[in-house]
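Reader: I've just opened this one and could use a guide. Can we go through it bit by bit?

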Amino acid sequence: GEKHFVAESEEEARKTITAQASDVKKFLLSVRKIVAAGNRVVFDNDNYIEDKQTRERMWLTEAQGMYMLKVWVKNGPF
């Protein structure tokens, strides 16, 4: 099902994230939903999610054909 949480990236960007959770240890993010929330997603020499208003970037790393967003999940309500 869907999980909602506040996450902080290595660049100290804090975002509320909605992800699909399963029995694996990784969450799946929807690029369509990321874009609908006012961001752009870039897959190029640099890979990142950019907030269109603040220009704040959260960097993605590629490993074995998967793009990863390294974040720390904050405890408590959002």
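Reader: Which residues of S4 are buried on one side, and which on the other?

Author: Keep in mind that this is a predicted model. Both faces of strand S4 are covered. On one side sit Tyr 48 and Glu 50, and on the other the buried residues are Asn 47, Ile 49 and Asp 51.

Reader: Why is S4 described as largely enclosed by the rest of the structure?

Author: A residue counts as buried when its relative accessible area is under 20%. Strand S4 covers residues 47–51, and it is largely enclosed because the number of its 5 residues that are buried is 5.

Reader: How many bridges does S4 make with S3?

Author: S3 takes in residues 39–43, and a hairpin of 3 residues links S3 to S4. In this pairing, Asn 39 is found opposite Asp 51. The two strands run antiparallel, and the bridges between them number 5.

Reader: And with S5, which residue stands opposite Ile 49?

Author: S5 spans residues 57–63 and runs antiparallel to S4, with 3 bridges joining them. Across from Ile 49, the residue in S5 is Met 58.

Reader: What phi does Arg 55 take in the hairpin of S4 and S5?

Author: That hairpin has 5 residues between the strands. Arg 55 is one of the residues in the hairpin, and its phi is positive, near 65°.

Reader: Let's stay with Asp 51. Is Asp 51 buried or exposed?

Author: Asp 51 belongs to strand S4. The cut-off for buried is under 20% relative accessible area. Asp 51 has 13%, so Asp 51 is buried.

Reader: What does Asp 51 touch, leaving out residues up to four places away in sequence?

Author: Closer along the chain, a polar atom of the Asp 51 side chain lies 2.8 Å from the backbone nitrogen of Gln 53. Leaving out residues up to four places away, Asp 51 touches Lys 15, Gly 38, Asn 39 and Glu 56.

Reader: What volume does the second largest pocket have, and which element gives the most to its lining?

Author: The second largest pocket has a volume of about 310 Å³. It is lined by 14 residues, and those closest to its centre are Thr 16, Ile 17, Ile 34, Ala 37 and Asn 39. Strand S2 (14–20), helix H1 (31–36) and S4 each give two or more residues to the lining. The element that gives the most, with 4 residues, is S2.

Reader: How many residues of each class are in that pocket's lining?

Author: The classes here are nonpolar, polar and charged. For the lining of the second largest pocket, the counts are 3 charged, 4 polar and 7 nonpolar.

Note on methods. Residues numbered from 1 in each chain as written. Predicted model: local features only at pLDDT ≥ 70, side-chain atom pairs only at ≥ 80, totals over all residues. Heavy atoms only, no water. Buried < 20%, exposed > 50% of the residue type's maximum accessible area, 1.4 Å probe, protein only. Pairing = 2+ DSSP bridges. 1 Å grid on protein atoms, 1.4 Å probe; cavity = no way out; pocket = protein on both sides within 12 Å on 5 of 7 lines; lining within 4 Å. Points joined across faces, edges and corners; volume = space filled by probe spheres on them. Nonpolar A, V, L, I, M, F, W, Y, C, P; charged D, E, K, R; others polar. Polar contact = N/O pair within 3.5 Å; in protein donor to acceptor, adjacent residues only side chain to side chain. Contact = heavy atoms within 4.5 Å.
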